[in-house]
Amino acid sequence: MHAEAGEAEATDWPQIQLLYKILERIAPNPMVTLNRAVALAETEGPPAGLALLATLEADARMAAHHRLYAVRAHLLEKDGDLAAAREDYRRAARMTASLAERRYLEDRAARLDPGPGPGDDRAPESPG
């Protein structure tokens, strides 16, 4: 499984997804569903994981939890929606009480910031 894989690419995501699905039936919990969404995204693609995450947005326990937005940001990033991912990373960073997590999430958001464009005051001047 995940901890047994020698490298990330060797992770048995279908098995992890199945185990979370079983756990979800035995002990329904939004955090289990959140984790299953990650595994689902790895096996069926980010849109599938994002669709499952959308079911958690109405759950009051998750709506105020930074992990929902951090996971959604990760899946949006994998799906190529960098602007939405950046905003969700920032939202998750504002919501966490952990300084280390806040820094990590802010770094993830900053990494997705678009560079200066033409005519942007932040653009470096060309050498003379």
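Here is a short chat about this predicted model, going from the overall fold to one helix, the core and the pocket.

Me: How many helices does the chain have?
Reply: Start at the N terminus and walk along: the elements run α-α-α-α-α-α-α. There are 0 strands to add. So the count of helices, going by DSSP runs, comes to 7.

Me: What share of the residues in the chain is buried?
Reply: A residue goes in the buried group when its relative accessible area is under 20%. The chain has 128 residues, and the buried share of them is 35%.

Me: How far does H5 reach from its first C-alpha to its last?
Reply: H5 covers positions 66-79, and that gives it 14 residues. At 1.5 Å a residue, a span of 20 Å is expected. The model comes close to that, with a reach of 20 Å.

Me: Is H5 mostly covered or mostly open?
Reply: Its buried residues include His66, Tyr69, Ala73, Leu76 and Glu77. They pack against H2, H3, H4, H6 and H7. In all, 10 of the 14 residues of H5 are buried, making the helix mostly covered.

Me: Which residue with a positive phi follows H5?
Reply: Look just past the end of the helix, where phi is near 95°. The residue there is Gly80.

Me: Is Arg72 buried or exposed?
Reply: Arg72 is found in helix H5. Setting aside its neighbours within four places in sequence, it touches Leu50, Leu53, Glu57, Asp88 and Arg91. Its relative accessibility is 15%, and the cut-off is under 20%, so Arg72 counts as buried.

Me: And what about Leu68, buried or exposed?
Reply: Leu68 lies in helix H5 too. Beyond its neighbours within four places in sequence, its contacts are Leu34, Leu53, Leu56, Glu57 and Met62. Its relative accessibility is 0%, so Leu68 counts as buried.

Me: What distance separates the C-alpha atoms of Leu68 and Asn35?
Reply: Along the chain, these two are 33 residues apart. In space, their C-alpha atoms are separated by 9.8 Å.

Me: Which helix gives the largest share of the largest nonpolar core?
Reply: In soluble globular proteins, nonpolar side chains tend to be buried together. Here the largest such core has 23 residues, with Leu34, Leu68 and Leu75 among those with the most contacts inside it. H2, H3, H5, H6 and H7 each supply at least two of its residues. The largest share, 7 residues, comes from H5.

Me: Which elements do the buried residues of H2 pack against?
Reply: The buried residues of H2 include Val32, Leu34, Ala37 and Leu40. Take Leu34: away from its neighbours within four places in sequence, its contacts include Leu53, Met62 and Val71. For the buried residues of H2 taken together, the partners are H1, H3, H4 and H5.

Me: What is the volume of the largest pocket?
Reply: Rolling a probe the size of a water molecule over the atoms shows where empty space is left. In this model, the volume of the largest pocket is about 260 Å³.

Me: Which helix supplies the largest share of the lining of the largest pocket?
Reply: There are 13 lining residues, with Ala70, Val71, His74, Tyr104 and Leu105 nearest the centre. By class, they are 7 nonpolar, 3 polar and 3 charged. H2, H5 and H7 each supply at least two. The largest share, 5 residues, comes from H5.

Technical notes
Residues are numbered from 1 along each chain as its sequence is written. This is a predicted model: local features need pLDDT of at least 70, side-chain atom pairs count only at pLDDT 80 or more; totals for chains, interfaces and linings use all residues. Side-chain values use heavy atoms; hydrogens and water are left out. On a 1 Å grid over the protein atoms alone, a cavity is a set of points where a 1.4 Å probe fits but cannot get out, and a pocket is an open set with protein on both sides within 12 Å along at least five of seven lines; lining residues have an atom within 4 Å of a point. Grid points are joined across faces, edges and corners, and a volume is the space filled by probe spheres set on the points. Helices (H or I, at least four residues) and strands (E, at least two) are DSSP runs, numbered from the N terminus. Ala, Val, Leu, Ile, Met, Phe, Trp, Tyr, Cys and Pro count as nonpolar, Asp, Glu, Lys and Arg as charged, and the others, Gly among them, as polar. A nonpolar core is a set of buried Ala, Val, Leu, Ile, Met, Phe, Trp, Tyr and Cys residues joined through side-chain atoms within 4.5 Å. Buried means under 20% relative accessible area, exposed over 50%, partly exposed in between (1.4 Å probe, protein chains only). Contact means heavy atoms within 4.5 Å. The expected span of a helix is 1.5 Å times one less than its number of residues.
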